[in-house]
Structure formats: structure tokens, C-alpha cells
Amino acid sequence: MIEGVDGVLHKDLFRQSRLISKNVLDRWSSGAIGSALSHMQSWRRCIQIGKPMIIAEDDAILATELKDNLEILLRGENKDPSFLLLGWNMDSLLQAEILTGLELISLFEKAYPKEEELKRLVNYRTERRICKLKRCFGLPAYRITPRAAQYLLNKLNPLLSEPIIMGRGIPTHHSETLDGALNNQYEDIGAKIIFPPLALALNNQNESLTRRSKPQNFEN
């Protein structure tokens, strides 16, 4: 277990940190900044141990046979992906390349499944595949290599709130969380995603400490 950064408790220190730009201080909630710093702390641990590690948020719902599923998936051409996302937020879209040159853009319905529904989905006995990740939101759990961790630590120094270009008529908006900011890095690091997911989170918007504004509405 890694002790995370409490954004509310440490928000007065954020203005002194070189890791946090002014536009992040202006645009991101204290919870979102604390979450980002917690993930970055985990990346440093990955570099320290010198081997890939799985990072899971404290509220992640993980497949009961997660290890066995990963052992099957991480073979052949998928042996050692730099960044492998195990799931994403159900209320936002997923953009992935299912075949070379053929992309999928999908939305789940309903946007906020109950905990029992999420458990059924991550434990659903079906063939899973690893796809090239383009865009998505949420970091319930992922596998990262030391090389990717070092790249992201260098690239996201300092943290910036940047435009996220989604394409296909989906509105461009500025990142307000680390998972949003990573959308501009996924293709550069060769990120991949598992579909259907092996990890999900409840993502209760009424209780979230990382949201500053209303969640993005992808239906309009």
C-alpha cells in the first residue's frame, strides 16, 4: 500500500510545488491534484523497484481472477506493454483501435452502474483482448513499466491543464484531472487497454473529490 496525497489536507502546499502549474491550481480541484500526485508517487515506486507494477486506486473493483487473466493476455505481441489500462469510467467514452486503422468509439449505458453490476462486468467470462488506446477517462487500475513511468514523470513536469482533442465532433475541453491529461500522452507511449475491462470504479459524481465542474456530457 502507498499512502496517497490528501489534496484537501495539503492544498496550501500545492502553490509551493514545482510540479504544479498555475493553470492547474486554477482549474483542478484539490482532490484532483492530490490524486495526480499520488499516481506520480506510485510511478516513482515503479522506477525504484525496476519492474512493471499494477497501480490500483483504493476504490477499484478488480476481477477475482485478475492475475490469471493478465497472464493469458500478456503473451506474444502483448508481452510487455508500456502502459496497460485495465478499465475506465463508464460515464465517458472509450476510443481504441480494435484493428490496424479501424477505431472504435463507444459509450456505456447506463453511465453509472451499481457496484454489483460492475462486479459482474469485470468477472464476466468472455474472451478479452488488448487494443491500442487512443482516448478515455478514468484510472481504476493499470499496469505500467519503469520506462513509461519515467517518461510520464518527465513529460508531466509541471502538471498542466491542456486541451483534449477527441475528434468525431466531440467537444474539445481542458483536462481537469490526471486521467484527462494522460489522453495527450497515450499514443506517444503506445498505451493499450483491455476490453472488456478487468477493473472498474463506482465513480460516484456526487461524492467525487476530483471534479471541479460538471462532468463532460458526451451526448450533446
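Visitor: Let's start with Asp59. What is its relative accessible area?
Guide: Asp59 has a relative accessible area of 39%, so it counts as partly exposed. The scale runs like this: buried is under 20% relative accessible area, exposed is over 50%, and partly exposed is in between, using a 1.4 Å probe and protein chains only.

Visitor: What kind of model is this?
Guide: This is a predicted model: local features need pLDDT of at least 70, side-chain atom pairs count only at pLDDT 80 or more, and totals for chains, interfaces and linings use all residues. Residues are numbered from 1 along each chain as its sequence is written, and side-chain values use heavy atoms, leaving out hydrogens and water.

Visitor: Back to Asp59. Where is it?
Guide: Asp59 is in the loop between strand S1 (53-56) and strand S2 (60-62). Helices (H or I, at least four residues) and strands (E, at least two) are DSSP runs, numbered from the N terminus.

Visitor: And which residues does Asp59 touch?
Guide: Leu200 and Ala201, not counting residues up to four places away in sequence. Contact means heavy atoms within 4.5 Å. Asp59 and Ala201 are 142 residues apart in sequence, but 6.1 Å apart in space, C-alpha to C-alpha.

Visitor: Ala201 again later, maybe. Which residues line the largest cavity?
Guide: Ala201 is one of them. The others are Met90, Asp91, Ala111, Tyr112, Pro113, Leu118, Leu202 and Asn203. By class, that lining has seven nonpolar, one polar and one charged residues. Ala, Val, Leu, Ile, Met, Phe, Trp, Tyr, Cys and Pro count as nonpolar; Asp, Glu, Lys and Arg count as charged; the others, Gly among them, count as polar.

Visitor: What volume does the largest cavity have?
Guide: About 30 Å³. The structure holds one cavity of 30 Å³ or more. On a 1 Å grid over the protein atoms alone, a cavity is a set of points where a 1.4 Å probe fits but cannot get out. A pocket is an open set with protein on both sides within 12 Å along at least five of seven lines, and lining residues have an atom within 4 Å of a point. Grid points are joined across faces, edges and corners, and a volume is the space filled by probe spheres set on the points.

Visitor: Pockets, then. How much space lies in the second largest pocket?
Guide: About 250 Å³. It has 14 lining residues, and the closest to its centre are Glu65, Asn69, Arg125, Thr126 and Arg128. Helix H4 (residues 66-73) gives the most to the lining, with four residues. The lining divides into five nonpolar, four polar and five charged residues.

Visitor: New topic: the largest nonpolar core. How many residues are in it?
Guide: It has 56 residues. Trp43, Phe83, Leu85, Ile144, Leu182 and Ile193 touch the most other members. Helix H3 (residues 30-49) supplies the largest share, seven residues. A second, separate core of five residues includes Leu93, Phe137, Met166 and Ile170. A nonpolar core is a set of buried Ala, Val, Leu, Ile, Met, Phe, Trp, Tyr and Cys residues joined through side-chain atoms within 4.5 Å.

Visitor: What does Ile144 touch?
Guide: Setting aside residues up to four places away in sequence, Ile144 touches Trp43, Cys46, Pro52, Met53, Ile55, Ser82, Phe83, Ala149 and Leu152.

Visitor: And Tyr142: buried or exposed?
Guide: Buried, because its relative accessible area is 0%. Tyr142 lies in strand S7 (residues 141-144). Beyond four places in sequence, Tyr142 touches residues including His39, Trp43, Met53 and Phe83.

Visitor: Back to helix H3. What about Ser42?
Guide: Ser42 is in helix H3. Ser42 counts as buried because its relative accessibility is 8%. Leaving aside neighbours within four places in sequence, Ser42 is in contact with Ile2, Met53 and Ile55.

Visitor: And Gly34, what does it touch?
Guide: Gly34 touches Val5, Gly7 and Phe14, not counting residues up to four places away in sequence. Gly34 is also in helix H3, and counts as buried at 0% relative accessibility.

Visitor: Last one. How many disulfides does the structure hold?
Guide: Zero. For Cys46, the nearest cysteine sulfur, that of Cys136, is 19 Å away. A disulfide is a pair of cysteine sulfur atoms within 2.5 Å.

Visitor: Why is Cys131 without a bond?
Guide: The closest cysteine sulfur, in Cys136, is 12 Å from that of Cys131, so it is too far for a bond. Cys131 counts as buried, at 4% relative accessibility.
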